[in-house]
Amino acid sequence: MPPVPETPPSAKPPRPTKAELAAAADLTVDDVLGPSIEVLFCGINPGLYSAVTGHHFARPGNRFWPALHLSGFTPRLLAPAQQWELPSYGLGITNVVARATAQAAELSAEEFREGGVRLAGLVAEVRPKVLAVLGVTAYRTAFAERGAVIGPQDRRIGETAVWVLPNPSGLNAHWTLDRIAGELRLLRESLA
């Protein structure tokens, strides 16, 4: 796999301060949606870094943006601040739980279940071909699918297929960038 080019320094926002991060708890990040979304990517919930910047998967070390590019979903590596370009590629982003936390472990099972209901409503409205949940544990809890594994699921939401993908957080050491990109590539190839 070719190396992922660095994001140009001019595209990197300044790092948030500790005070800014602390103040971001419970904030939300707007969904990235458009008129014809083919794949709606769904994170677990925004981290504090994302809440401060207003951009999904914004924390340095998160592998979502490089994996999206390496898998062929985007023709170039996008910075989190360029997330609004995604609908032009038929892509969108949302979260299972809207509120920002320092760690997903701060979320309750009830929040995940409520997020699953909200997500089903959003999918019914947006009608993507695929809902791609980035985190198997979040998917299992939100949709009461205890045996779910990475990959396509039997569940559909209306006409929308459901895939579970690895959590791209840099803290998820079980999955390398290449393996995450490989799973995204399988999803992309299934759309052809």
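Right after helix α4, Arg127 adopts a positive phi of about 55°. The model is a predicted one, and the helix that ends just before this residue is a handy place to start reading it.

Helix α4 covers residues 109-126, 18 residues in all. At 1.5 Å a residue that should give a span of 26 Å, and the C-alpha atoms at its two ends sit 25 Å apart, so expectation and model agree. Its buried residues are Glu111, Phe112, Gly115, Gly116, Leu119, Leu122, Val123 and Val126. Looking down the helix axis, these buried positions stay within an arc of 140°, which means that they line one face of α4. The spacing fits the usual helix geometry: with 3.6 residues a turn, residues three or four places apart point the same way. On the face turned away from the buried side, α4 shows the exposed residues Val117, Ala124 and Glu125.

As for what the buried side meets, the partners are a mix of strands and a helix. The buried residues of α4 pack against the strands β1 (39-43), β2 (91-95), β3 (130-134), β4 (151-157) and β5 (160-165), and also against helix α5 (136-143).

Helix α5 turns up again in the largest pocket, where α5 and α2 (48-53) each contribute at least two lining residues. This pocket holds about 890 Å³ of space. Its lining runs to 39 residues, with Ile44, Ala104, Asn167, Ser169 and Leu171 lying nearest the centre. Sorted by class, the lining comprises 22 nonpolar residues, 16 polar ones and just one that is charged.

Key. Residues are numbered from 1 along each chain as its sequence is written. This is a predicted model: local features need pLDDT of at least 70, side-chain atom pairs count only at pLDDT 80 or more; totals for chains, interfaces and linings use all residues. Side-chain values use heavy atoms; hydrogens and water are left out. Helices (H or I, at least four residues) and strands (E, at least two) are DSSP runs, numbered from the N terminus. The expected span of a helix is 1.5 Å times one less than its number of residues. Buried means under 20% relative accessible area, exposed over 50%, partly exposed in between (1.4 Å probe, protein chains only). The arc is that of the directions from the helix axis to the C-beta atoms. Contact means heavy atoms within 4.5 Å. On a 1 Å grid over the protein atoms alone, a cavity is a set of points where a 1.4 Å probe fits but cannot get out, and a pocket is an open set with protein on both sides within 12 Å along at least five of seven lines; lining residues have an atom within 4 Å of a point. Grid points are joined across faces, edges and corners, and a volume is the space filled by probe spheres set on the points. Ala, Val, Leu, Ile, Met, Phe, Trp, Tyr, Cys and Pro count as nonpolar, Asp, Glu, Lys and Arg as charged, and the others, Gly among them, as polar.
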